[in-house]
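Thanks for coming. I will walk through one structure, starting at the surface and then moving to a few individual residues.

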Amino acid sequence: MTNTASKAQMPAATKPAATGRSLLATAWLRIRKNRVAMISLIVVILTVLFAIFAPVLVAISGQDPNTTNTSPDVLDDFYTPGLPLPYYMYPSAEHWLGVEPGLGRDLFARLAYGARVSLSIALLSTLVSVVLGTVLGAAAGYFGGKIDMVISRIMDLFLAFPHLLLVLSIAPILQSRLAGTNLASGSFVPIASLVIVLGFFGWAYLARVVRGQVLMIREQEFMDAAKSFGTSHRSMILKQVIPNVSGVVLVYATMMIPANITAEAALSFLGVGVKDPTPSWGQMLNAAQAGNWYLSDPWFLAVPSIALIITVLAFNLLGDALRDALDPKSSR
């Protein structure tokens with residue numbers, strides 16, 4: 001009895017207090033457990049670093065993306081004029097990925113600088129779409145009524161635009177209008193036109209998704225509590241609504257970046273995107289098919305194609321994993 005009474009009087013061992021985890025922290029924990037997601041994240045980070053440090057890497061290789069070398073010691077001038085000699089066609093210590101046919105420029109240097117251009121266009125156009133889609137979609141869902149009707153009809157109008165035909169029309173017009181000015185030098189006009197068209201006409205789908213989410217969020221109790229304190233509409237949208245749709249926006253942005261990379265490559269391949277000598281992955285594909293070099297030198301086509309496929313696949317897989325990780329109902 002004594003032992004029993006003493007045990008009853010002993011205080012119970014205190015358990016550590018449970019700590020809450022935010023949605024982003026939970027998502028990161030899920031991504032860390034997903035091997036495919038982590039590999040994709042590493043590939044994406046390496047691709048971005050490859051683009052950022054392109055000048056350093058190219059300086060280390062000792063080459064330049066615009067330096068031509070058409071000497072007979074590098075390019076064949078008899079059997080297949082312009083085709084790199086066997087030593088220069090494939091990776092070597094001097095040219096890490098070989099040289100391109102026709103002009104003999106270094107492939108590694110052009111691939112590195114091309115990554116900067118392709119990723120810059122994709123990121124900037126995605127940023128434009130995300131900002132427009134999030135703000136307009138949140139406003140439509142929050143205010144409702146006539147504002148919702150007007151913004152929704154604008155969404156339908158933008159979704160009806162044929163983007164490919166639009167950029168095929170706008171790029172030549174901008175280039176002809178700005179011909180002879182300082183802005184027409186280099187590839188500023190094609191890059192700016194791609195960012196404007198891909199970004200400005202790509203926000204409608206995100207806005208529709210955000211609108212649907214906001215329609216549910218505005219009925220929550222915390223929204224009524226914020227209104228009872230006299231919070232302004234602007235503060236409600238920026239501090240209450242948009243943070244609660246950030247997960248959807250983040251997933252959409254991750255999915256849209258590879259789509260814009262592919263769109264830039266396709267448009268440059270068609271000749272309305274980035275212009276030579278400014279390198280981009282799409283421009284390199286265009287150069288490979290323009291002279292039918294892919295028939296005699298398939299490596300010239302394979303280098304940008306492999307880089308494009310790996311980058312787009314990594315972004316898509318990361319986006320899929322991020323969508324599952326941010327889904328509270330997901331069992332993965």
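Let me start with a nonpolar patch on the surface of this predicted model. The patch covers about 900 Å². Its members are I42, I45, L46, V48, L49, I52, F53, V56, I60 and W96. Which helices supply at least two residues each? They are α3, residues 35–52, and α4, residues 54–61. The largest share belongs to α3, with 6 residues. I42 is one of the patch residues, and it sits in helix α3. Its relative accessibility is 48%, so I42 counts as partly exposed. The cut-off for exposed is over 50%, which is why I42 does not get that label.

Now the chain as a whole. The secondary structure comes to 16 helices and 2 strands. There are 332 residues, and 41% of them count as buried. The chain exposes about 18,300 Å², and carbon and sulfur atoms supply 66% of that area. On contacts, take the ones between residues at least 6 apart in sequence: 71% of these join residues at least 24 apart.

Next, a residue under cover. T126 lies in helix α6, which runs over residues 107–143. Is T126 buried or exposed? T126 is buried, because its relative accessible area is 4%, and the limit for buried is under 20%. The side chain of T126 reaches the backbone oxygen of A122 at 2.7 Å. What does T126 touch once its neighbours within four places in sequence are left aside? The contacts are A253, M256, I257 and N260.

A word on helix α9, residues 188–200. Helix α9 has 13 residues and spans 17 Å from its first C-alpha to its last. That is close to the 18 Å expected at 1.5 Å a residue. The buried residues in α9 include V189, P190, S193 and L194. Further along α9, V195, V197, L198 and G199 are buried too.

The last topic is charge. Side chains of opposite charge can pair when their charged atoms come close. How many salt bridges does a search of the whole structure find? The search finds 10.

I will go through three of them. The side chains of D148 and R211 meet in a salt bridge at 2.6 Å, N to O. This pair links distant parts of the chain: D148 is in helix α7, residues 145–160, R211 is in helix α10, residues 204–217, and the two are 63 residues apart. D148 has 11% relative accessibility and therefore counts as buried. R211, at 24%, counts as partly exposed.

E100 and R105 form another salt bridge, with the closest N and O atoms 2.4 Å apart. Both of these residues are buried.

In the third, E219 pairs with R218, and the closest N and O atoms are 3.5 Å apart. E219 is at 55% relative accessibility, so E219 counts as exposed. R218 is partly exposed, with a relative accessible area of 25%. Elsewhere, salt bridges that share partners join E100, R105, R110 and D276 into one network.

To recap, we have seen a nonpolar patch of about 900 Å², a buried threonine, T126, and three of the salt bridges, those of D148 with R211, E100 with R105 and E219 with R218. That is all from me.

Notes. Residues are numbered from 1 along each chain as its sequence is written. This is a predicted model: local features need pLDDT of at least 70, side-chain atom pairs count only at pLDDT 80 or more; totals for chains, interfaces and linings use all residues. Side-chain values use heavy atoms; hydrogens and water are left out. Patches are made of residues with over 30% relative accessible area and no salt bridge: like charges are joined within 9 Å, nonpolar side chains (Val, Leu, Ile, Met, Phe, Trp, Tyr) within 5 Å. Accessible areas come from the Shrake-Rupley method with a 1.4 Å probe; for residues, only the protein chains shown count as cover. A salt bridge is a side-chain nitrogen of Lys or Arg within 4 Å of a carboxyl oxygen of Asp or Glu. Helices (H or I, at least four residues) and strands (E, at least two) are DSSP runs, numbered from the N terminus. Buried means under 20% relative accessible area, exposed over 50%, partly exposed in between (1.4 Å probe, protein chains only). Contact means heavy atoms within 4.5 Å. A polar contact is a pair of N or O atoms within 3.5 Å; within protein, one must be able to donate a hydrogen and the other to accept it, and residues adjacent in sequence count only if both atoms are side-chain atoms. The expected span of a helix is 1.5 Å times one less than its number of residues.
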